[in-house]
Amino acid sequence: MENGGDEVPENANEHCPGPQSESAGKSDACEGCPNQEVCATAPKGPDPDLVSIVERMATVKHKILVLSGKGGVGKSTFSAQLSFALAAMDFQVGLLDIDICGPSIPKMLGLEGQEIHQSNLGWSPVYVESNLGVMSIGFMLPHPDEAVIWRGPRKNGIIKQFLKDVYWGELDFLVVDAPPGTSDEHISIVQFLQATGIDGAIIVTTPQQVSLIDVRKEVNFCKKVGLPVLGVVENMSGLCQLLSELKFISMTDSGEQKDMTEWVIESMIEKAPEMLSFIAFSEVFDSSAGGGAKMCSDMGVSFLGKVPLDPQLCKAAEEGRSCFDDSKCLLSAPALKTIVEKLLSQLNVSRMEEGF
């Protein structure tokens, strides 16, 4: 497959504005580039690929970007479960992974080892269900451990190619899982989709200040590029686990750990069996400053809700399955369901399937 890098030369500087830009060959990013003179003197004009993107996206009703200020906050897990949830409501859903250097979506949808196929209509997504298709560069790698070492222009090229060459058909929702931060991929996806209409972005954070500092930057990025913020999701909002699923240890005088789980469980069964149905809660991250809700209030954006750090949700993501398919995700699944319903209400979309 072509790499989609025709927009700019592969030997261009990082942050290249593109040869069709009015600042081509003139911006600070062009200094020292071997193509500087050619770009500065080349005739400018509208990008014909943008017309192709508009045509492709004409069959997509709603486009939602999932962003995060920093890595490791569970953004891809949320994107995957949001897509599962919408598909379970009988919507037609596409999930586009533009995290070029860290494509984790194939694993989280149970699609590792799958390949992209080409038809006369374009690239075909890989399908989890008939109404849930996925596209990721992870499907193009010869080996899952292969590193993608690309500069900005080539990343931008493959994102453009995903948008103009993938045949999604009729979609109710296209969920776009972006890498963390506010770099080339984010600018590109907004620019490429702007003419097609983007509903907005969901920003995922964890409760502590070190994450919220970066989320504030993400919110400001959205405001600067004219991207509506649909809301913020506070993920890993306290560890929640059934008491019966915990392991209990004691420390010996020498500092060694001794497993006391069996003794504790037997003691509870004997003296207080009702405790086995209790849920243990612990604040893993410091939320004393108010967490995501306080940040949203300060910045005037919507707070969609909290999702606990649920080991069963982590397991579902590792196994590439929906957390809504069984009753194992006792707290995370209802929390995610509430967030999805709030999102649909905000978008004025009626749920299609009452069984979710």
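The pLDDT is the predictor's confidence in each residue, from 0 to 100. For this predicted model, the mean pLDDT of the chain is 90, and 94% of the residues reach 70 or more. A stretch that calls for some care is residues 1-6, where the pLDDT is below 50. In the model, this stretch has 14 contacts beyond near neighbours in sequence.

## Aromatic pairs

Let us begin with the rings. A pair of aromatic rings is described by the distance of the centres and the angle of the planes. Searching the whole structure turns up two such pairs, and the table sets them side by side.

| Pair | Centre to centre | Angle between planes | Geometry |
|---|---|---|---|
| Phe91 and Phe173 | 5.2 Å | 85° | edge-to-face |
| Trp123 and Phe162 | 5.9 Å | 70° | edge-to-face |

The pair of Phe91 and Phe173 links distant parts of the chain, with the two positions 82 residues apart in numbering. Phe91 sits in the loop between helix H3 (75-88) and strand E2 (93-97), while Phe173 belongs to strand E7 (residues 171-177). Are these two rings buried or exposed? Phe91 has a relative accessible area of 3%, so it counts as buried. Phe173 is buried too, because its relative accessible area is 1%.

The pair of Trp123 and Phe162 likewise links distant parts of the chain, and its partners are 39 residues apart. Here a strand meets a helix: Trp123 lies in strand E4 (residues 122-124), and Phe162 in helix H5 (residues 152-165). Both Trp123 and Phe162 are buried.

## How the helices pack

Two packed helices are described by the angle between their axes and the distance between the axes. Take H3 and H11 to start with: their axes are 10 Å apart and make an angle of about 70°. Angles of 65 to 115 degrees count as roughly perpendicular, so H3 is roughly perpendicular to H11. On the H3 side, Phe78, Gln81, Leu82, Ala85 and Leu86 take part, and they meet Leu336, Ile339, Val340, Leu343 and Leu344 of H11. What classes of residue make up the contact of H3 with H11? Nine are nonpolar and one is polar, with no charged residues.

Helix H5, which carries Phe162, also packs against helix H2 (residues 48-57). The axes of H2 and H5 come within 7 Å and cross at roughly 45°, which means that H2 is oblique to H5. H2 brings Asp49, Ser52, Ile53, Arg56 and Met57 to the contact, and H5 brings Lys160, Leu163, Lys164 and Asp165. By class, the contact of H2 with H5 has five charged, three nonpolar and one polar.

## Two residues with positive phi

Finally, a look at the backbone. Most residues other than glycine have a negative phi. Met236 is not a glycine, yet has a positive phi of about 55°. Its place is the loop between strand E9 (229-234) and strand E10 (239-242). Buried means under 20% relative accessible area, so Met236, at 17%, counts as buried.

Asn348 is not a glycine either, and has a positive phi of about 60°. Where along the chain is Asn348 found? Asn348 is in the segment after helix H11 (332-346), the helix that packs with H3. With 71% relative accessibility, Asn348 is over the 50% cut-off and therefore counts as exposed. Thus Met236 is buried, whereas Asn348 is exposed.

Notes: Residues numbered from 1 in each chain as written. Predicted model: local features only at pLDDT ≥ 70, side-chain atom pairs only at ≥ 80, totals over all residues. Heavy atoms only, no water. Contact = heavy atoms within 4.5 Å. Phe/Tyr/Trp six-rings, centres within 6.5 Å; stacked < 30°, edge-to-face > 60°. Helix = DSSP H or I, 4+ residues; strand = E, 2+ residues; numbered from the N terminus. Buried < 20%, exposed > 50% of the residue type's maximum accessible area, 1.4 Å probe, protein only. Axes fitted to C-alpha atoms, helices over the stretch in contact; angles between N-to-C directions. Parallel < 35°, antiparallel > 145°, perpendicular 65-115°, else oblique. Nonpolar A, V, L, I, M, F, W, Y, C, P; charged D, E, K, R; others polar.
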